[in-house]
Number of protein chains: 4
Amino acid sequence: MKILFFSGSLRTNSLNKKLIQEAYRISQTLNVDGEVVDLRDYPAPLYDGDIEALGIPDAVINLGRKIRNADALVISTPEYNASISSPLKNIVDWLSRDKPTSLNNKHLLLLAVSPGPLKGVRGLWHTRQPFEALGVHVFPQMMGIQNTENTFDENHQLKEQKDIDNLHKLLGQYIDHIKR
Amino acid sequence: MKILFFSGSLRTNSLNKKLIQEAYRISQTLNVDGEVVDLRDYPAPLYDGDIEALGIPDAVINLGRKIRNADALVISTPEYNASISSPLKNIVDWLSRDKPTSLNNKHLLLLAVSPGPLKGVRGLWHTRQPFEALGVHVFPQMMGIQNTENTFDENHQLKEQKDIDNLHKLLGQYIDHIKR
Amino acid sequence: MKILFFSGSLRTNSLNKKLIQEAYRISQTLNVDGEVVDLRDYPAPLYDGDIEALGIPDAVINLGRKIRNADALVISTPEYNASISSPLKNIVDWLSRDKPTSLNNKHLLLLAVSPGPLKGVRGLWHTRQPFEALGVHVFPQMMGIQNTENTFDENHQLKEQKDIDNLHKLLGQYIDHIKR
Amino acid sequence: MKILFFSGSLRTNSLNKKLIQEAYRISQTLNVDGEVVDLRDYPAPLYDGDIEALGIPDAVINLGRKIRNADALVISTPEYNASISSPLKNIVDWLSRDKPTSLNNKHLLLLAVSPGPLKGVRGLWHTRQPFEALGVHVFPQMMGIQNTENTFDENHQLKEQKDIDNLHKLLGQYIDHIKR
């Protein structure tokens, strides 16, 4: 089974890029073939029907190919204004134009890390809807972590065993569900 | 009272650009000071914290100034994947970083025109949330129109008196509510 | 595979009761063991923590047992005020208190029939959230039908072959997905 | 200006009943005419079109009259399964059938207190939608409090000055907005 991991944030030092690396690292103990990609390497313009009329951008076609080759996705994504991150919404809108849609029938697990006590969870709920509209099986369980000085160490790894255990358990449940 | 009108679509021949022009045209009979702007003239990059660290882009600051000078907004916007359009989400995410937030405490009326029978209404409901999170008073009533060959004429004006009357009535209610 | 079918409406002549019967009837051609239940036969009071303190009502325990014995659910439900029907929300809130939760890890397909052109679809999207919060795998595809005089015949069966075909196809995809 | 206060929970010792009493108490320093009502005193059955056909229940008509006589509402409500509480959804569904709808054009401020760190905020976002569909101006700002042993004292009053100050400030902003 092949799983694609990425973050909904573009920022180099993004908390969600750290968390997705940790999700990938933990998944390697779970007997899956994982790969982390960075949305920065798929630089699509803002969605614009006039651009689309000239052809779907290569970045979109390339990411669509990666997704087609995977069975499942794990995305760790920030909440922007109680809703989906704009870079994530933009790539989803482009991917939906590259037919047949690569996302259709894929599985998705959503994670978030956020500085606030709501842990990005409002945003995760909002993030589900466009994926579900595209035929993605979004895993019901999600995970939000509040970032504090105790969350990541200087190597960008989770410090607290509780967070590691929770993420390990959730990834295990997700992978078991897909394998069924 | 000053109202800013724009579309959540970038495409030149966007249906929602036609509808926002019609909303502006009708508003001119309602004793308000209106202005139509085009998001294409405010070309912000995809939101990226690394870019923000170098300074909020001029396009965002300029649109923020326009919004601060207005009392209210009318936005006609497509539904992309049952959710907010990515160009609209992107400019909202940028505007939220230009403090104090220009959108706070503004009024907003949402419109949509869509080829499908659901009239873009699922997307409008999803579009409310980030605005509300930023302190915008989103008018409860919204309007979705299904685009058919009878919707717009060759001058991009609404053909059906029913659509014109409904839009006139909704704009009147919205303006009355703000003026109270 | 066992599938439980019910409607989110209590009314005797409910459109959604007709549609769930049709979904059941079609499922019988798809090699599954189906059963239709009526929420009227599980008359729980409005959720109230004081009543819960006296014991979970028998109606809730009985429906929970039915759900535990099933692999999957199909619910056809009206939209009330752009949101979940109150009888459906009420039974879900009660079921969530009967631990371990019968709904956890079940599959769910949502249908709607509505007099309006939006076909109850706003309500279906709102209906997903409490189920997903309880660990239900809500099938991404959903189906809304606008009720007209051509929708049901005098035997409460779908008249239009298009509707029958669409429902047959959707049920087939759902059952295939669960069986995987 | 007249404001009606109530809780979305029926339970006698409901946290949200405590919070709504505190909101009422604080509002008395803000020069408004307030009244607290308890949904228990408006015991409507689960919404059922067959019951409606016999006449809207008196409880619904009586609460509708209270709402018509008020300018605005404040509701403190629990989150049940990441969504609106079923008793609140039920009374809203009934109120929507008592025409002309008492809720249309009213203002609403939403509060929540919850044992969990998410403070009931997911539920508040879900709770907005049916009210907005009925023409209610739901105030963009909302307030969620996490209940701990330091939240309420033995007289059911808020213990922490920070919570009192935040609630006072929010109520002040809400009342100022309505009075404009």
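Okay, let's start right at a contact: across the interface of chain B and chain A, the rule finds 4 salt bridges. One of them links Asp48(B) to Arg40(A), with 3.2 Å between the closest N and O atoms. Keep in mind as we go that this is a predicted model.

Let's stay with chains A and B for a bit. Besides the salt bridges, there are 23 residue pairs in polar contact between chain B and chain A, counting pairs with both residues at pLDDT 80 or more. Which helices of chain B each bring at least two residues to the side that touches chain A? They are H2 (49–53), H4 (86–95) and H5 (121–133). H4(B) gives the most to that side, with 6 residues. Sort the side of chain B that touches chain A by class, and you get 12 nonpolar, 10 polar and 7 charged residues.

Now, how much surface goes into this? People often give the size of an interface as the accessible area that is lost when the parts come together. For chain B and chain A, that buried area is about 2,500 Å², and 54% of it sits on carbon and sulfur atoms. Three residues stand out here: Leu46(B), Asn81(B) and His126(B) supply 25% of the area that chain B buries against chain A, more than any other three residues. As for the residue count, the contact takes 29 from chain B and 29 from chain A.

Okay, on to the other pairing, chain C with chain A. Here the buried area is about 1,300 Å², 53% of it on carbon and sulfur atoms. Chain C puts in 15 residues, and chain A puts in 15 residues. How many salt bridges are there between chain C and chain A? The count is 2. Take the one between the side chains of Glu132(A) and Arg128(C), at 3.1 Å from N to O. There are also 4 residue pairs in polar contact between these chains, again with both residues at pLDDT 80 or more. Helix H5 of chain C, residues 121–133, gives the most to the side that touches chain A, with 5 residues. That side of chain C divides into 5 nonpolar, 7 polar and 3 charged residues.

Last bit: symmetry. Turn chain C by 180°, with a shift of 0.0 Å along the axis, and it can be laid on chain A with an RMSD of 0.0 Å. So these two copies are related as by a two-fold rotation axis. In chain C, the C-alpha nearest that axis belongs to Arg180(C), at 3.4 Å. And why do we say that the copies meet through the same surface? Because 100% of the interface residues of chain C are interface residues in chain A too.

Terms used
Residues numbered from 1 in each chain as written. Chains lettered and ligands numbered in written order. Predicted model: local features only at pLDDT ≥ 70, side-chain atom pairs only at ≥ 80, totals over all residues. Heavy atoms only, no water. Least-squares fit on C-alpha atoms with pLDDT ≥ 70 in both. Contact = heavy atoms within 4.5 Å. Buried area = accessible area lost by both parts, 1.4 Å probe. Polar contact = N/O pair within 3.5 Å; in protein donor to acceptor, adjacent residues only side chain to side chain. Helix = DSSP H or I, 4+ residues; strand = E, 2+ residues; numbered from the N terminus. Nonpolar A, V, L, I, M, F, W, Y, C, P; charged D, E, K, R; others polar.
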